[in-house]
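These are my notebook entries on one structure, kept in the order in which I looked things up.

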Amino acid sequence: GNAVLVNGKLFPYLDVAPRKYRLRLLNASNGRFYHLSLSNQAEFHQIGSDQGLLSAPVALKSVVVAPGERVDLVVDFASHAGQQIILQSDAFVLMQFRVSSPKVSDASSLPASLRPVARILEKQAVKTRLLTLDEIDNSAGEAVAMLLNNSHWSMPITEKPVLNSTEIWSFMNPSDDPHPIHLHLVRFQILDRRRYEPWLYQKNKEIHYLSPPLAPPANEAGWKDTVRVDSRMITRIIVPFEGYTGRYVWHCHLLEHEDNEMMRPYEVIST
């Protein structure tokens, strides 16, 4: 329920010196999205995401982490000697940092740039797929099934990208819930998110956009393998299928959803 564990402990604390610390965080919760911030509203920097370093540090005061996502943060406690600072998510207390009083030497500094992340051009994609995230309700409006592209796990594979090709996958989410979608084997980049009218698509299969495309924020502009697909949005990713042929899976990373058939196989083929 509402008991949040950090490394298996409830309300843990960490003794820290007044210097920089690198925190590598994984959201391993089955269904909770975290809106991470520090209780004193101090700024921190994100330096990496799911698949490695960003191109440059990104200054933040809060960061959203969906189930399955990872964030690599640097927090500087230098100006907070003697304080007790809470890592929180909205009203939830996650853990406490107890900053010691004595000054310490910290000659480290954040570089202006990290690892280059070359953006993949849309024209490199050889195929674009529109994939729906479907919530099946009963007559009382209760969700009884969660599917990807309105397909069950055991149905024939419909996504068969060619090895060493690049595709755009557009995730359409008509539901009220955000879904973190994870692709195995690959890494990808987020292209954009765009609000649309779900009812018009369900009735006429017509996509009517309600907003211009929104490019990913700087902290989501690196290499990813899990993407947050927000409610009533179409989220596009561009994916190079490199490495190996074979069968893999893509799924929602909410445990109750993926265990309720919101998971599908895909197959990377040689030709």
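The entries below cover a sheet, a hairpin, two pockets, salt bridges and backbone angles.

**Entry 1. Status of the model**

I note at the outset that this is a predicted model.

**Entry 2. The five-stranded sheet**

I looked up the strand order of the open sheet and found E3-E11-E10-E5-E8, 5 strands with mixed pairing. I recorded its edges as E3 (13-16) and E8 (62-65), each of which pairs on one side only. The twist from one strand to the next averages 25°.

I then followed the pairing at one end of this order. E5, residues 34-38, runs antiparallel to E8, and the two share 4 bridges. Within that pairing I located Tyr-34 opposite Val-65 of E8. For background I noted that strands of a sheet pair through backbone hydrogen bonds, either parallel or antiparallel.

**Entry 3. A hairpin**

I turned to E6 (residues 44-49) and E7 (residues 52-60), which pair in the antiparallel sense over 5 bridges. The two strands form a hairpin, with 2 residues between them. Ser-49 faces Gly-52 of E7.

**Entry 4. The largest pocket**

Which residues lie closest to the centre of the largest pocket? I found Val-4, Leu-5, Val-6, Asn-7 and Leu-26, out of 28 lining residues. The space in this pocket comes to about 780 Å³.

I next asked which strands supply the lining. At least two residues each come from E1 (5-6), E3, E4 (20-26), E5 and E11 (92-99). E4 gives the largest share, 4 residues. Sorted by class, the lining has 19 nonpolar, 6 polar and 3 charged residues.

**Entry 5. The second largest pocket**

I recorded about 200 Å³ of space for the second largest pocket. It is lined by 13 residues, and those closest to its centre are Thr-132, Asp-134, Tyr-201, Gln-202 and Lys-205. Strand E12 (127-137) and helix H1 (198-204) each contribute at least two lining residues. The largest share, 4 residues, is that of E12. I counted the classes here as 6 nonpolar, 4 polar and 3 charged.

**Entry 6. Salt bridges**

How many salt bridges does the structure hold? The total is 15. I kept in mind that side chains of opposite charge can pair when their charged atoms come close. I then selected three pairs for a fuller record.

The first pair is Lys-20 with Asp-106, whose closest N and O atoms are 3.5 Å apart. This pair links distant parts of the chain, 86 residues apart: Lys-20 is in strand E4, and Asp-106 is in the loop between E11 and E12. I entered Asp-106 as partly exposed, at 28% relative accessible area.

The second pair is Asp-50 with Lys-224, at 3.1 Å from N to O. Asp-50 is in the loop between E6 and E7, and Lys-224 is in the loop between H1 and strand E17 (226-229), so this salt bridge ties together parts that are 174 residues apart in sequence. Are the two residues buried or exposed? Asp-50 is buried, because its relative accessible area is 9% and the cut-off for buried is under 20%. Lys-224 is also counted as buried, at 3%. I further noted that Asp-50 and Lys-224 belong to a network of salt bridges that links them with Glu-69, Arg-70 and Asp-225.

The third pair is Glu-122 with Arg-236, with 2.9 Å between the closest N and O atoms. Glu-122 sits in the loop between E11 and E12 and Arg-236 in strand E18 (residues 233-240), so the contact joins parts of the chain 114 residues apart in sequence. The two partners fall in separate classes of accessibility: Glu-122 is partly exposed at 42%, whereas Arg-236 is buried at 18%.

**Entry 7. Positive phi angles**

I closed with the backbone, on the background that most residues other than glycine have a negative phi. Asn-149 has a positive phi, near 55°, and is not a glycine. I placed Asn-149 in the loop between strand E13 (143-148) and strand E14 (166-173). Its relative accessible area of 24% makes Asn-149 partly exposed.

Leu-185 likewise has a positive phi, of about 80°, without being a glycine. I located Leu-185 in the loop between strand E15 (179-183) and strand E16 (189-195). Leu-185 counts as partly exposed, at 34% relative accessibility.

Key: Residues numbered from 1 in each chain as written. Predicted model: local features only at pLDDT ≥ 70, side-chain atom pairs only at ≥ 80, totals over all residues. Heavy atoms only, no water. Pairing = 2+ DSSP bridges. Axes fitted to C-alpha atoms, helices over the stretch in contact; angles between N-to-C directions. 1 Å grid on protein atoms, 1.4 Å probe; cavity = no way out; pocket = protein on both sides within 12 Å on 5 of 7 lines; lining within 4 Å. Points joined across faces, edges and corners; volume = space filled by probe spheres on them. Nonpolar A, V, L, I, M, F, W, Y, C, P; charged D, E, K, R; others polar. Salt bridge = Lys/Arg side-chain N within 4 Å of Asp/Glu carboxyl O. Buried < 20%, exposed > 50% of the residue type's maximum accessible area, 1.4 Å probe, protein only.
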